[in-house]
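Student: Please pick one part of this model and walk me through it slowly. I'd like to see what it touches and how the charged side chains around it pair up.

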Amino acid sequence: MTYARKPVADAGIGVGIADDPASLSVLHKPGCAAAIWRRHIPSQAKTWLEGLDPSQLPTGRQMVRPDGVRHAVRDFCKRADTPLGDDLDWLQNDMSMLAEMFAQVMSARVLRLRLDAISTNACSRFHIDAVTARLVCTYRGSGTQYGISTDGRAPRRVFQVATGAPILLRGTLWPEDPPSGVLHRSPPIAGTGETRLVMVLDPIFDPDNGP
């Protein structure tokens, strides 16, 4: 695991880079506003995802325990008529693995799961989410964009997370430090014909109050 202070060209100041999921705990280090697991989707699964009709991409929202994410994703896929097979099994298992990992990093027993198929400029303004922390993983299409801002304006230099690489982002409710200068957004894709598949996870510390 490396902590990105010097190699700004690779990640940006205040962004931790992990080569394995265990190292994503770097998010808790002082001054680290985000963490990225440097990985790629297997080529076979990537080809399968890109070949799906947008209507077959699973979407949905559910508050669920980490060990229930696979079942929730399976239900989303069933509703979308996502084709069965080894690639779908990989997708469900991978999303479940990321949920278990994120829950461990955040010490959360419940997560808010969201799967979105995006073909517009949704959330295309740079911002910090009003959550404790958030995991975003783009499984198809362009990855999340982020940058450093000291005045709340759009960053001058924009980085883009690789497809399949999860990024963990501190939100405005992070307890130890004030909001950081790392802002993020969905890449603007309206009119390009691209449809992204994005998984978002938020930790829920008071399930009785709901999302």
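Tutor: A quick word on naming: helices here are DSSP runs of H or I with at least four residues, numbered from the N terminus. Bear in mind too that this is a predicted model.

With that settled, let's zoom in on helix H3, which covers residues 86-106, and start at Leu91, one of its residues. Is Leu91 buried or exposed? Its relative accessible area is 0%, and buried means under 20%, so Leu91 counts as buried. What does Leu91 touch, leaving aside residues up to four places away in sequence? The list is Trp48, Leu49, Pro58 and Tyr139. You can also check the backbone: the C-alpha atoms of Leu91 and Ala45 are 7.8 Å apart, although 46 residues separate the two along the chain.

Now slide along helix H3 to Asp94. Its side chain meets that of Arg39 in a salt bridge, with 2.7 Å from N to O. Why does that pair tie together parts that are 55 residues apart in sequence? Because Asp94 belongs to helix H3, while Arg39 sits in the loop between strand S3 (34-37) and helix H1 (43-51). Both ends of this bridge are tucked away: Asp94 is buried at 6% relative accessible area, and Arg39 is buried too, at 13%.

It's handy to set that beside a salt bridge inside helix H1. Glu50 pairs with Lys46, and their closest N and O atoms are 2.6 Å apart. Here the partners share helix H1 and sit four residues apart, about one turn of the helix. What about their exposure? Glu50 is partly exposed, with a relative accessible area of 46%, and Lys46 is partly exposed as well, at 36%.

One more pair is worth a look while you have the model open. Arg134 and Asp129 form a salt bridge whose closest N and O atoms are 3.1 Å apart, and both residues are buried. Which residues are linked with them in a network of salt bridges? Arg112 and Asp202 join Arg134 and Asp129 there. If you're keeping a tally, the structure holds seven salt bridges.

So, back to where we began: on helix H3 you have Leu91, buried at 0% and touching residues that include Trp48 and Tyr139, and you have Asp94, whose salt bridge with Arg39 reaches the loop between strand S3 and helix H1.

Methods:
Residues numbered from 1 in each chain as written. Predicted model: local features only at pLDDT ≥ 70, side-chain atom pairs only at ≥ 80, totals over all residues. Heavy atoms only, no water. Helix = DSSP H or I, 4+ residues; strand = E, 2+ residues; numbered from the N terminus. Buried < 20%, exposed > 50% of the residue type's maximum accessible area, 1.4 Å probe, protein only. Contact = heavy atoms within 4.5 Å. Salt bridge = Lys/Arg side-chain N within 4 Å of Asp/Glu carboxyl O.
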